[in-house]
Every structure is written in C-alpha cells, then in structure tokens.
Amino acid sequence: MELSRREFLKFGGGGMGALVLLKGTGSFGGRGSAAKSLPLKKQIGEKTTICPYDGSGCGFLVAAENGKVVNIEGDPEHPVNRGSACAKGASMRQLSADNPWRLSKVLYRSPGGSDWEEKSWDWALDSIARKIKDTRDANFIETNSDGNLVNRTEAIGNFGGSALDNEECYLLAKLNRAIGVVYLEHHARI
Ligand code: SF4
C-alpha cells in the first residue's frame, strides 16, 4: 500500500491516538498500570521492605507463612520500582534464614589448602581482629610527604557487602575511619 505524506501523517496520528487511549484505560502493560491493578498487600498481610542490593532502594513485598518466607515480589505501590524487580532483587529470597543453601557456619580454607574446615565464630572474629591489628600496626602512616598529620593505613581496604543496611554501614564506616582505613567503599555505589 502506498501512502502520500499527508495520508501517512493521518494514519500515524490515528495509531498514536489509539495507543494513548489504551494507556489511559489501563489496558496498556506498563509500570504505571501495575500500581493500579495490584493493591493487594494490606489484604493478604504482606510486609514491605527495601531491596538491600544497591542504592536504587526498590520496594518489595514479603509474604511469610509459619515463620518462613514464601514469596517476595516488587511492591506495585513503591514509587521507585512500581512493582518491578531486576534479577538481583527478584532473588532476594535467598537471604532468608530458611534458605537451605545459605551458609550459617564459618568455613575456613587455609592459604594453599584445598579443603574447607568448620570453625567457630569466636575463632573467626579473633583471627580477623588479629590480622587487622597486625596489618595496621605494620603499615601505619602518621605523616604524609608534606609533613601533615594523616594517621592512616593504606594496607587495608574495606568493601561493604550489598546486604548491609544503613545502620550497619554507618557503624562500619565509623570503625574503619577510627583505625585509619581510607580505602572504604560499598557495593551500592558501584
Ligand atoms: S538490585 Fe535491583 S531490585 Fe534491588 S534496588 Fe537495585 S535495581 Fe532495585
């Protein structure tokens, strides 16, 4: 079919009008429509939470039965994500305590070793504290090349995991700055 320029514009304008009409009636599948069609969270008792994986702060609904998480999905009423979830956020259920694959004990593999040994939390915390103290003491810089007081160590870096919440990040940042760590980052900023 051949269209003149005038007919093409008329045809295209009609198509656009139909699209706008569909969107206006809620038949158009988009993020905005989810907020209107799924206002169920209060009725089935789901709790709201925020995805811990990055700085976007998407909202999620968590449903639990008998103390176990049975479903997690994007919150259609949340202004950031309007019900959507990226692959990472959609897999948030793996963080729940009833995930059988989630590690709940300390496993240690010695340098050069091939096997994992089970250790206690006390052993792990003492070992980490010892290594941090020894590394800091052996590499502490009091003044820089201009003679300015800096009190820092450049031998330790701290990279916060995405499951840390705001309060945990705040405490970690305080601790790291107190001992002179300057290489401090968090996954959510990357
Ligand atoms: S990881 Fe995905 S779902 Fe989670 S806050 Fe970031 S964009 Fe949103």
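# Strands, helices and a ligand shell

Visitor: In β8, which residue is the bridge partner of Thr153?

Guide: The model is predicted, and in it β7 and β8 run parallel, joined by 5 bridges. Thr153 belongs to β7, and its bridge partner in β8 is Val181.

Visitor: Is the β-α-β crossover from β7 to β8 left-handed or right-handed?

Guide: The two strands that it links run parallel. The chain passes from β7 through α6 before it reaches β8, and the hand of this β-α-β crossover is right-handed.

Visitor: What is the order of the strands in the open sheet of 3 strands?

Guide: The edge strands, each of which pairs on one side only, are β6 (140-143) and β8 (181-186). From one strand to the next the twist averages 30°. The pairing in this open sheet is mixed, and the order of its 3 strands is β6-β7-β8.

Visitor: In β7, which residue is the bridge partner of Phe140?

Guide: Strand β7 covers residues 149-160 and runs antiparallel to β6, to which it is joined by 3 bridges. Phe140 falls within β6, whose range is 140-143, and its bridge partner in β7 is Thr153.

Visitor: At about what angle does helix α5 run to β7?

Guide: Helix α5 spans residues 121-138 and lies across both β6 and β7. Its direction relative to β7 is given by an angle of about 145°.

Visitor: Helix α6 packs on the sheet, but which strands is it touching?

Guide: This helix covers residues 166-178, and its direction makes about 165° with that of β8. Besides β8, α6 also touches a second strand, and the pair is β7 and β8.

Visitor: Is Phe159, in strand β7, buried or exposed?

Guide: Phe159 touches Glu185 and His187, leaving aside residues up to four places away in sequence, and its C-alpha atom is separated by 5.3 Å from that of His186, 27 residues apart along the chain. A residue with 12 or fewer other C-beta atoms within 10 Å is classed as exposed. Because Phe159 has 10 such atoms within 10 Å, it is exposed.

Visitor: In β2, which residue is the bridge partner of Lys47?

Guide: Lys47 lies in strand β1, residues 47-50, and it is exposed, with 10 other C-beta atoms within 10 Å. Strand β1 runs antiparallel to β2 (residues 59-65), and 4 bridges join the two. In β2, the bridge partner of Lys47 is Val62.

Visitor: In the hairpin of β2 and β3, which residue takes a positive phi?

Guide: β2 and β3 (residues 68-74) pair in the antiparallel sense over 6 bridges, and one of the bridge partnerships is that of Leu61 with Glu73 in β3. The hairpin has 2 residues between the strands, and a positive phi, near 50°, is taken by Asn66.

Visitor: By class, how many charged residues does the shell around the ligand have?

Guide: The residues that surround the ligand are Cys51, Tyr53, Asp54, Ser56, Gly57, Cys58, Asn81, Ala85, Cys86, Lys88 and Gly89. By class, this shell has 5 nonpolar and 4 polar residues, and the number of charged residues is 2.

Conventions. Residues are numbered from 1 along each chain as its sequence is written. This is a predicted model: local features need pLDDT of at least 70, side-chain atom pairs count only at pLDDT 80 or more; totals for chains, interfaces and linings use all residues. A residue is near a molecule or strand if its C-beta atom, placed from the backbone, lies within 6 Å of it. Ala, Val, Leu, Ile, Met, Phe, Trp, Tyr, Cys and Pro count as nonpolar, Asp, Glu, Lys and Arg as charged, and the others, Gly among them, as polar. Two strands pair if DSSP finds at least two bridges between them. Axes are lines fitted to C-alpha atoms, for helices over the stretch in contact, and angles run from 0 to 180 degrees between N-to-C directions. Two residues are in contact if their C-beta atoms, placed from the backbone, lie within 7 Å. A residue is buried if 20 or more other C-beta atoms lie within 10 Å of its own, exposed if 12 or fewer, and partly exposed in between; C-beta atoms are placed from the backbone. A crossover is right-handed if, with the strands pointing away from the viewer, the path from the first strand over the helix to the second runs clockwise.
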